[in-house]
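I opened my notebook to follow a few charged side chains through a structure. Here is what I looked up, entry by entry.

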Amino acid sequence: MMISLEHVQKNYQNFNLDCSLEVPEGCITGLIGRNGAGKSTTFKVILGLIHIDGGRAEILGRPTDQLTKEDREQMGVVLADAGFSGYLMIKDLLPMLRNMYHSFDETGFVKRCEKFHLPLDKKIKDFSTGMKRKLQINAALSHDAKLLILDEPTAGLDVVAREGLLDMLREYMEQEGRSILISSHISTDLESFCDDFYLIDEGRIVLHEETDVLLSNYGILKLTPEQYEKLDKSYLLAEKKEEYGYRCLTGEKQFYLENYPDVVVEKGGIDELITMRERGEL
């Protein structure tokens, strides 16, 4: 298992994390949830950047507090609230990356800088937000890591740049023995990219599902009060009162299509799942 968290706990004054998740080898796993749900805290736990108050956290088969320098070389990391010093230029980073990673592919790194239109002789503080993000991603891909941990890697990128990045990550996954854990506010990125995902809310995992199952089986029911009263509610995951009646989330869309032909059934997706699980009631 590339990543394994078992009831990992981290307690702050106004927030408590209690998280369990796994990322198997060869898998692209998404971590989704609204701002403040616990995504970034979970990433920091996985990387051993904060001490945990309980539970078990392992990465690459080793407890996070026992990771060696060699273990860390097997990881490529992009964090939403971290980056390179703005007073450096990319050409200043090259000797640093060579010293940090024995497998640093300088030729590939420079080629991707050219592809991303990242100048080697311009201070990073003068880069746009999107350029800084591209630089972080380039560095994460530069040393043949087994595991990528990417917190909002597409933030600040336009749709063309995002698709180009995802293509690079798909190419990265073509080699066996690699995995990715990724978070993103852009649901279409995850729906087209991830094998499975975890939904976190108020520090706890409230749902784990394969992406194919979500897209094929989940749906939103729009019901009048009369339809709602007659409905078999066995397969509802969340519901919300609306002006017209009720809006309900189900993981068994086909059941309602077959048995309630007069009910409006819309396609479910990550955005709908987050909205209904966090604002709906059941």
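**Entry 1: a buried lysine.** Which side chain of opposite charge is nearest to Lys-39, and how far away is it? I kept in mind that this is a predicted model. I found that Lys-39 is buried and has no salt bridge. The nearest side chain of opposite charge belongs to Glu-152, at 4.8 Å. A salt bridge needs the nitrogen and the carboxyl oxygen within 4 Å, so Lys-39 and Glu-152, at 4.8 Å, do not make one.

What does the side chain of Lys-39 reach instead? I noted the backbone oxygen of Gly-33, at 2.8 Å. Then I listed the neighbours, leaving out residues up to four places away in sequence: Lys-39 touches Leu-31, Ile-32, Gly-33, Arg-34, Glu-152, Ser-183, His-185 and Ile-200.

**Entry 2: the helix around it.** I looked up where Lys-39 sits, and it is in helix α1, residues 39-46. This helix is mostly covered, with six of its eight residues buried. Besides Lys-39, I wrote down Thr-41, Thr-42, Phe-43, Val-45 and Ile-46 as its buried residues. After α1 comes Gly-48, which has a positive phi, near 70°.

**Entry 3: salt bridges.** How many salt bridges does a search of the whole structure find? I got 12, and I picked out some to look at.

My next stop was Glu-6, which forms a salt bridge with Arg-56; their closest N and O atoms are 2.8 Å apart. This pair links distant parts of the chain, as Glu-6 is in strand β1 (residues 3-11) and Arg-56 in strand β4 (residues 54-59), 50 residues apart. I checked the accessibility too: Glu-6 is partly exposed at 41%, and Arg-56 is partly exposed at 31%.

Then I turned to Asp-189 and Arg-162, whose side chains meet in a salt bridge at 3.3 Å, N to O. Asp-189 lies in helix α7 (residues 187-191) and Arg-162 in helix α6 (residues 159-172), so the pair ties together parts 27 residues apart in sequence. Are these two buried or exposed? Asp-189 counts as buried, at 6% relative accessibility, and Arg-162 is buried as well, at 15%.

Helix α6 also gave me Asp-167 and Arg-170, a salt bridge with its closest N and O atoms 2.9 Å apart. They are three residues apart in that helix, so about one helical turn separates them. Asp-167 is partly exposed at 41%, and Arg-170 is partly exposed at 29%.

My last note is about a network: salt bridges that share partners join Glu-6, Arg-56 and Glu-58.

Note on methods: Residues are numbered from 1 along each chain as its sequence is written. This is a predicted model: local features need pLDDT of at least 70, side-chain atom pairs count only at pLDDT 80 or more; totals for chains, interfaces and linings use all residues. Side-chain values use heavy atoms; hydrogens and water are left out. Helices (H or I, at least four residues) and strands (E, at least two) are DSSP runs, numbered from the N terminus. Buried means under 20% relative accessible area, exposed over 50%, partly exposed in between (1.4 Å probe, protein chains only). Lys and Arg count as positive and Asp and Glu as negative; His and the chain ends are not counted. A polar contact is a pair of N or O atoms within 3.5 Å; within protein, one must be able to donate a hydrogen and the other to accept it, and residues adjacent in sequence count only if both atoms are side-chain atoms. Contact means heavy atoms within 4.5 Å.
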